Amino acid sequence: MKIQGKMFMWLSVFVLAMAVVYGVWSKEPAGTTALFLAFGLCIMIGFYLGFTAKRVDVGAQDNKEADVADDAGEVGFFSPHSWQPFFLGIGGALAFLSVAIGWWLMYFSLPVILVAVWGWVFEYYRGENRTQ
């Protein structure tokens, strides 16, 4: 994490320099504001990664002699049989389609999204999978 924190801090210096140069040359407030906000985001992420790196064990990415396999391990649990992401994708597609066709389509997509999110969150609290 220490490497990533340093990378974001250097990126924030670059974004700050580009924000100043862009602001002076263009005199355009929207882009200048966006670049200063990007600078603030880079500072926050870099500070968080540096702050966290001091409190956790040294990871494989901070060891110059580490192999790729040293950082291997379980990433997380992913449900192999869930239909909920599919229905959430359908609801999201309908919601974005409502921008092009008409806002009335949002009335049909919102229940699909809500039911899909509800089912995804509580999928292992009911039925045959509740003991996993």
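This briefing walks through the helix packing and a handful of individual residues in the structure above. The model is a predicted one, and every value below is computed from its atoms. Two helix pairs carry most of the story: α1 with α2, whose axes lie 8 Å apart, and α3 with α4, whose axes come within 8 Å.

**The α1 and α2 pair**

- Helix α1 covers residues 2-26 and helix α2 covers residues 29-53, and the two pack at an angle of about 165 degrees.
- That angle is over 145 degrees, the cut-off for this class, so α1 is roughly antiparallel to α2.
- The handedness of this crossing is left-handed.
- Sorted by class, the residues in the contact of α1 with α2 are 19 nonpolar, nine polar and one charged.

**The loop between α1 and α2**

- Lys27 sits in the loop that joins α1 and α2.
- The backbone here deserves a look, as Lys27 has a positive phi of about 55 degrees without being a glycine.
- For context, most residues other than glycine have a negative phi.
- Lys27 has a relative accessibility of 67%, so it counts as exposed, the threshold for that label being over 50%.

**Two residues of α2**

- Ala53 belongs to helix α2, and its relative accessible area of 15% makes it buried, since the limit for that label is under 20%.
- In sequence, Ala53 and Met1 are 52 residues apart, yet their C-alpha atoms are separated by 5.3 Å.
- Ile45 is also found in helix α2, and at 37% relative accessibility this residue counts as partly exposed.
- From Ile45 to Pro85, a step of 40 residues along the chain, the C-alpha atoms are separated by 29 Å.

**Helix α3: length and faces**

- Helix α3 runs over residues 84-101, and its 18 residues should span 26 Å at 1.5 Å a residue.
- The C-alpha atoms at the two ends of α3 are 25 Å apart, which agrees with that expectation.
- The buried residues of α3 are Gln84, Gly91, Gly92, Ala95 and Ser98.
- Viewed down the axis of α3, these buried residues fall within an arc of 110 degrees, so they line one face of the helix.
- Phe96, Ala100 and Ile101 are exposed on the other side of α3.
- Which of the labels buried or exposed fits Ser98 of helix α3? Ser98 counts as buried, because its relative accessibility is 0%.
- Ser98 and Ala66 are 32 residues apart in sequence, and their C-alpha atoms lie 50 Å apart in space.

**The α3 and α4 pair**

- The axes of α3 and α4 cross at roughly 155 degrees.
- The two helices are therefore roughly antiparallel to each other, as their angle lies over the 145-degree cut-off.
- α3 passes α4 in a crossing that is left-handed.
- Ile113 lies in helix α4, which spans residues 106-121.
- At 22% relative accessibility, Ile113 counts as partly exposed, because the buried class is kept for values under 20%.
- What separates the C-alpha atoms of Ile113 and Ile90, 23 residues apart along the chain? The distance between those C-alpha atoms is 8.1 Å.

Key
Residues numbered from 1 in each chain as written. Predicted model: local features only at pLDDT ≥ 70, side-chain atom pairs only at ≥ 80, totals over all residues. Heavy atoms only, no water. Axes fitted to C-alpha atoms, helices over the stretch in contact; angles between N-to-C directions. Helix = DSSP H or I, 4+ residues; strand = E, 2+ residues; numbered from the N terminus. Parallel < 35°, antiparallel > 145°, perpendicular 65-115°, else oblique. Left-handed = near helix turned anticlockwise from the far one by under 90°. Nonpolar A, V, L, I, M, F, W, Y, C, P; charged D, E, K, R; others polar. Expected span 1.5 Å × (residues − 1). Buried < 20%, exposed > 50% of the residue type's maximum accessible area, 1.4 Å probe, protein only. Arc of directions from axis to C-beta.
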